[in-house]
Amino acid sequence: MRGKRIERASLTKVYEKGINLPASIFALDINGSTVESTGLGLDIGDADRICYPIPDTLSDEPWQKRPTAQLLMTMHEIEGEPFFADPREVLRQVVQKFDELGLTICAAFELEFYLIDQENINGRPQPPRSPISGKRPQSTQVYLIDDLDEYADCLQDILEGAKVQGIPADAIVKESAPAQFEVNLHHVEDALKACDYAVLLKRLIKNIAYDHEMDTTFMAKPYPGQAGNGLHVHISLIDKKTGKNIFAADDPEQNAALRHAVGGVLETMPASMGFLCPNVNSYRRFGAQFYVPNAPSWGLDNRTVAVRVPTGSADAVRIEHRVAGADANPYLMMSAILAGIHHGLTNKIEPGAPIEGNSYEQLEQSLPNNLRDALRELDDSEVLAKYISPDYIDIFVACKESELEEFEHSISDLEYNWYLHTV
C-alpha cells in the first residue's frame, strides 16, 4: 500500500482530478528502493502518473484514534489510459478475456497469518503471550476452539473491522501452528474486488493486531519446523446468460469445462510460480507435512493436491488453488491462475486422472523449488505472455532478480557457524 495522506476538504478534488504519484512505485524492491533496471525510475526522470479512485472503496479505518478513511486508487497515464505496470490493471486485462467468453469470475480468498509478539528474539519472531493465560502457545492444535478464545478480542475486532470496511469476512479458524489463524472471505462475482478485499484484509489485520499490542506476519515461512502461511483461492465461472456455474456437476470429473480449466492451470503452474511464490522465503514453505503441493496435480476433495475440487454439492463445484503463499500479490496470483484457466478452456486441455490418496507418495517434486528457477520459467513462458504483458513481466522479473542478487551476496549466520573455523 503506497499513497498520500490528504485533508478531508481535498477529497472532492481527488475524485475530480486524481492525485499524482511516480510510476516508479511499481518498480520497488521489498525494501522500497527503485530497481532502475525496470526502466521506470531515472530513465524516465522518475516521472509522475495520475491515480484515480476505485469506486466504492472509500471506508473508515477502524483502528485509528481519530476519524480517518482510506481510498483505493489505480494508476493511469496522464492521457487517461490505465498504466500497464499497475498489478490491478494486469488482472483487469486478463478478466476482459473472460468477458469476451460471456463468463463472470466468482472468487474468494482464504488468508493465513501468524500473530507474533512485538518483541523479537535476536531478530526472530515468537508467538505472543495470550491476553487470557499469559502463556505463549507452543503446539499445533489445528481448529482448536480454546486457541481462538485465547485471542478472542483481537480476532473479533478483525471481523468487526472487516464489516466496517465492507470486507466480506465471516469466519476465522485456528490453523496448524502456534498463534496461526486463517480468515475466510465470501465469494464475490468480481475478480478485481476479490483481490481488493484480500489486500485490504491484510492491512486491517496488521493494524488491529497492533492495537492489541501484538504484531502479525504474512511471511510464507516465519518458523522452521512449523506450517507456512498460505493464500488459497476458490474460483468458479458463471455463465452471464444463464447465471449458472459452468463447473456445476454431480460428477465433476465428467464436466468438460472443469477438466479443461484444471488442465490449463496445471500446464501453466510451473511458469506461474514466480507470481504464486515471489520471494526467496516462499520456497521454504513447501513440504508434505504442511499440505503444500510441490507438483502440478488435481483431485476431488483432496487436500494433498495443488488444485482441489470440493465436492460438497453440484452447484458449489469450483477450483481451489492451494499453491500460493500469503506473501503473494493477490492481483498477480489471480492473473496467473485465470490465465491458466482461460488457456485450458480455449484449448481444451485435459488434466489427466485426478489423484486419489496421498499425492506426495505418488508424484515427484517438479515445480520450481527456488526463486531463480521460477523467474526463468516465468520469463520464458509463451503462454503467460499472451495474457500478461511481456513488458510487465520484465519489470516484475527485474525487481525480483535485484532482490535475489542482494540476498545471494549476503552471508548468513549459518555460513559463519559452519565455515568460519572449519575450512
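Two rings of Phe, Tyr or Trp, the last counted by its six-membered ring, form an aromatic pair if their centres lie within 6.5 Å. Planes under 30 degrees apart make the pair stacked, planes over 60 degrees apart make it edge-to-face, and the rest are tilted. The model shown above is predicted, and it holds nine aromatic pairs.

A pair of aromatic rings is described by the distance of the centres and the angle of the planes. Take Tyr151 and Phe181 as a worked case: their ring centres are 6.0 Å apart and their planes stand at 75°, so the pair is edge-to-face. Tyr151 belongs to the loop between α3 (145–150) and α4 (152–165), while Phe181 belongs to strand β8 (residues 180–185), so this pair ties together parts that are 30 residues apart in sequence. Tyr151 has a relative accessibility of 4% and counts as buried. Phe181 is buried too, with a relative accessible area of 0%.

Trp418 and Tyr419 give another edge-to-face pair, with 5.9 Å from centre to centre and 85° between the planes. Here Tyr419 is partly exposed, at a relative accessible area of 41%. Returning to Tyr151 and Phe181, these two join Phe113 and Phe218 in one aromatic cluster. A ring can also have a charge over it: the charged end of Arg285 sits over the ring of Phe286, at 5.7 Å from the ring centre.

One member of the cluster, Phe113, leads to strand β6, where it is among the buried residues on one side. How much of β6 is buried? The count is 14 of its 14 residues, so the strand is largely enclosed by the rest of the structure. Both of its faces are covered. One side carries Leu103, Ile105, Ala107, Phe109, Leu111, Phe113 and Leu115. The other side carries Thr104, Cys106, Ala108, Glu110, Glu112, Tyr114 and Ile116. Charged residues such as Glu110 and Glu112 are thus listed among the buried ones.

Next come the strands that pair with β6. Nine bridges join β6 to strand β10 (residues 231–239), and the two run antiparallel. Within this pairing, Phe109 stands opposite Val233 of β10. β6 also runs antiparallel to β8, to which five bridges join it. With β9 the pairing is again antiparallel, over three bridges. Tyr114 takes part in both of these pairings: it stands opposite Gln180 in β8 and opposite Thr217 in β9.

Strand β8 has a further partner in β7 (residues 169–174), with five bridges joining the two antiparallel strands. Ile172 has Val183 of β8 as its bridge partner. β7 and β8 form a hairpin with five residues between them, and Ala179 in the turn has a positive phi of about 60°.

Positive phi values also appear in loops. Asn122, a residue other than glycine, has a phi near 55°. Asn122 is found in the loop between β6 (103–116) and α3, and it is exposed, with a relative accessible area of 76%. Glu213 likewise has a positive phi, near 60°. Glu213 lies in the loop between α5 (191–211) and β9 (215–217), and it is exposed at 66%.

The helices come last. In helix α8 (residues 371–380), the buried residues include Leu371, Ala374, Leu375 and Leu378. Seen down the axis of α8, the buried residues fall within an arc of 100°, so they line one face of the helix. Why can residues apart in sequence point the same way? An α-helix has 3.6 residues a turn, so residues three or four places apart point the same way. What covers the buried residues of α8 includes α6 and α9 (390–409). At the N-terminal end, Asn370 caps α8, with a side-chain oxygen 3.2 Å from the backbone nitrogen of Arg372.

Helix α6 (residues 256–276), one of the elements covering α8, contains Arg259. Is Arg259 buried or exposed? Its relative accessible area is 19%, and buried means under 20%, so Arg259 is buried. Leaving aside residues up to four places away in sequence, Arg259 touches Glu253, Gln254, Ile349, Glu350 and Pro351.

How values were computed. Residues numbered from 1 in each chain as written. Predicted model: local features only at pLDDT ≥ 70, side-chain atom pairs only at ≥ 80, totals over all residues. Heavy atoms only, no water. Helix = DSSP H or I, 4+ residues; strand = E, 2+ residues; numbered from the N terminus. Buried < 20%, exposed > 50% of the residue type's maximum accessible area, 1.4 Å probe, protein only. Lys NZ or Arg CZ within 6 Å of the ring centre and 35° of its normal. Contact = heavy atoms within 4.5 Å. Arc of directions from axis to C-beta. Polar contact = N/O pair within 3.5 Å; in protein donor to acceptor, adjacent residues only side chain to side chain. Pairing = 2+ DSSP bridges.
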